[in-house]
Amino acid sequence: GFHGVENAEVAFGEDVLVIGIGPVGLMAVKGTSLRGAARILAVGTRPNCVALAKEYGATDIISYKDGPIDQQVRELTNGKGVDKVIIAGGTVDTFAEAVKCVKPGGIVSNVNYLGSGEFIKIPRIEWIVGMGHIRIVGGLMPSGRMRTERLANLMMNGRIDVSGMLTHKFEGL
């Protein structure tokens, strides 16, 4: 999730859409909040994830069950769309929705594993026929001791509370 935020280059005052609020998406919501986004729209339906997304800084919750994500985003943003989109869930068809939501000059950052489907379709008109400076980026999070220490430091100093995502806790190992 944090890698998605970094790849999206989230900055102060931006409007950001996070698609998928499982553990990765929840960390994208929190990372986006830490980076100073003004508005965070989060897509998901599981009540416990919705509650945690709000706790982590989501200002709006969108249910994909209520219709196309892009239509809901356009309605919430008065037709403007968002500055950045972080894809943390969905299918190959989610890319089309993401591109339809982002403003010209924006970034679509994918950290979702696309395990099926032959093609990722990008809508030509909404991508402004390739002339709108909309970037699509993605990849696995880099690892290493320093990165791990920095992420752990956020938890140890109370900037991130992941206890809401724990399902099992083992003692004495």
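**Exercise 1. Identify the residues that Thr-94 touches in this predicted model, leaving aside residues up to four places away in sequence, and state whether Thr-94 is buried or exposed.**

Solution.

Step 1. Locate the residue. Thr-94 belongs to helix 5, which spans residues 94-101.

Step 2. List the contacts. With residues up to four places away in sequence not counted, Thr-94 touches Ile-19, Ile-87 and Gly-89.

Step 3. Place the partners. Strand 1 covers residues 15-19 and strand 4 covers residues 82-87, so Ile-19 falls in strand 1 and Ile-87 in strand 4.

Step 4. Judge the accessibility. The relative accessible area of Thr-94 is 8%, and the residue is therefore buried, the cut-off being under 20%.

**Exercise 2. Determine the order of the strands in the sheet, and explain why one side of strand 3 and of strand 6 is left without a neighbour.**

Solution.

Step 1. Read the order. The open sheet is formed by six strands arranged as 3-2-1-4-5-6, with parallel pairing.

Step 2. Examine the ends of that order. Strand 3 (60-62) and strand 6 (135-138) stand at the edges; each has a single partner strand, so one side of each lacks a neighbour in the sheet.

Step 3. Add the twist. From one strand to the next, the twist averages 20°.

**Exercise 3. Follow the pairing from strand 1 through strand 4 and strand 5 to strand 6, and give the handedness of the crossover between strand 4 and strand 5.**

Solution.

Step 1. Begin with strand 1 and strand 4. These run parallel and are joined by four bridges; Leu-17 stands opposite Val-85 in strand 4.

Step 2. Assess the cover of strand 4. Six of its six residues are buried, and the strand is mostly covered.

Step 3. Continue to strand 5. Strand 4 pairs with it in the parallel sense over five bridges, and the bridge partner of Lys-84 in strand 5 is Ile-107.

Step 4. Trace the connection. From strand 4 the chain passes through helix 5 to strand 5, a β-α-β crossover that is right-handed.

Step 5. Finish at strand 6. Strand 5 (residues 102-110) and strand 6 run parallel, with four bridges between them; Ser-109 stands opposite Val-137 in strand 6.

**Exercise 4. Describe which strands helix 2 and helix 5 meet, and the angles at which they run.**

Solution.

Step 1. Consider helix 2. This helix (residues 23-34) lies across strand 1, strand 2 (39-43) and strand 4, and runs at about 170° to strand 1.

Step 2. Consider helix 5. Packed on the sheet, helix 5 touches strand 1, strand 4, strand 5 and strand 6, and its direction makes about 145° with that of strand 5.

**Exercise 5. State how many salt bridges are counted, and analyse the pairs Arg-147 with Glu-6, Asp-83 with Lys-103, and Lys-169 with Glu-171.**

Solution.

Step 1. Give the count, which is seven salt bridges.

Step 2. Take Arg-147 and Glu-6. Their side chains meet in a salt bridge at 2.6 Å, N to O. Arg-147 lies in helix 6 (residues 145-156) and Glu-6 in helix 1 (residues 2-8), so the pair ties together parts that are 141 residues apart in sequence. Arg-147 counts as buried at 18% relative accessibility, whereas Glu-6, at 32%, counts as partly exposed.

Step 3. Take Asp-83 and Lys-103. In this salt bridge the closest N and O atoms are 3.4 Å apart. Because Asp-83 lies in strand 4 and Lys-103 in strand 5, the pair ties together parts that are 20 residues apart in sequence. Asp-83 is buried, with a relative accessible area of 19%; Lys-103, at 22% relative accessibility, counts as partly exposed.

Step 4. Take Lys-169 and Glu-171. The side chains form a salt bridge at 3.9 Å, N to O, and both residues are exposed.

**Exercise 6. Establish how many disulfides are counted, and characterise Cys-49 and Cys-101.**

Solution.

Step 1. Recall the bond in question. A disulfide links the sulfur atoms of two cysteines covalently.

Step 2. Compare the distance with the cut-off. For Cys-49 the nearest cysteine sulfur is that of Cys-101, 20 Å away, whereas a disulfide requires sulfur atoms within 2.5 Å. Cys-49 is therefore in no disulfide.

Step 3. Repeat for the partner. Cys-101 is likewise in no disulfide, with the sulfur of Cys-49 as its nearest at 20 Å. The count is zero disulfides.

Step 4. Add the accessibility. Cys-49 counts as buried at 9% relative accessibility, and Cys-101 counts as buried at 0%.

Terms used: Residues are numbered from 1 along each chain as its sequence is written. This is a predicted model: local features need pLDDT of at least 70, side-chain atom pairs count only at pLDDT 80 or more; totals for chains, interfaces and linings use all residues. Side-chain values use heavy atoms; hydrogens and water are left out. Two strands pair if DSSP finds at least two bridges between them. Helices (H or I, at least four residues) and strands (E, at least two) are DSSP runs, numbered from the N terminus. Axes are lines fitted to C-alpha atoms, for helices over the stretch in contact, and angles run from 0 to 180 degrees between N-to-C directions. Contact means heavy atoms within 4.5 Å. A salt bridge is a side-chain nitrogen of Lys or Arg within 4 Å of a carboxyl oxygen of Asp or Glu. Buried means under 20% relative accessible area, exposed over 50%, partly exposed in between (1.4 Å probe, protein chains only). A crossover is right-handed if, with the strands pointing away from the viewer, the path from the first strand over the helix to the second runs clockwise.
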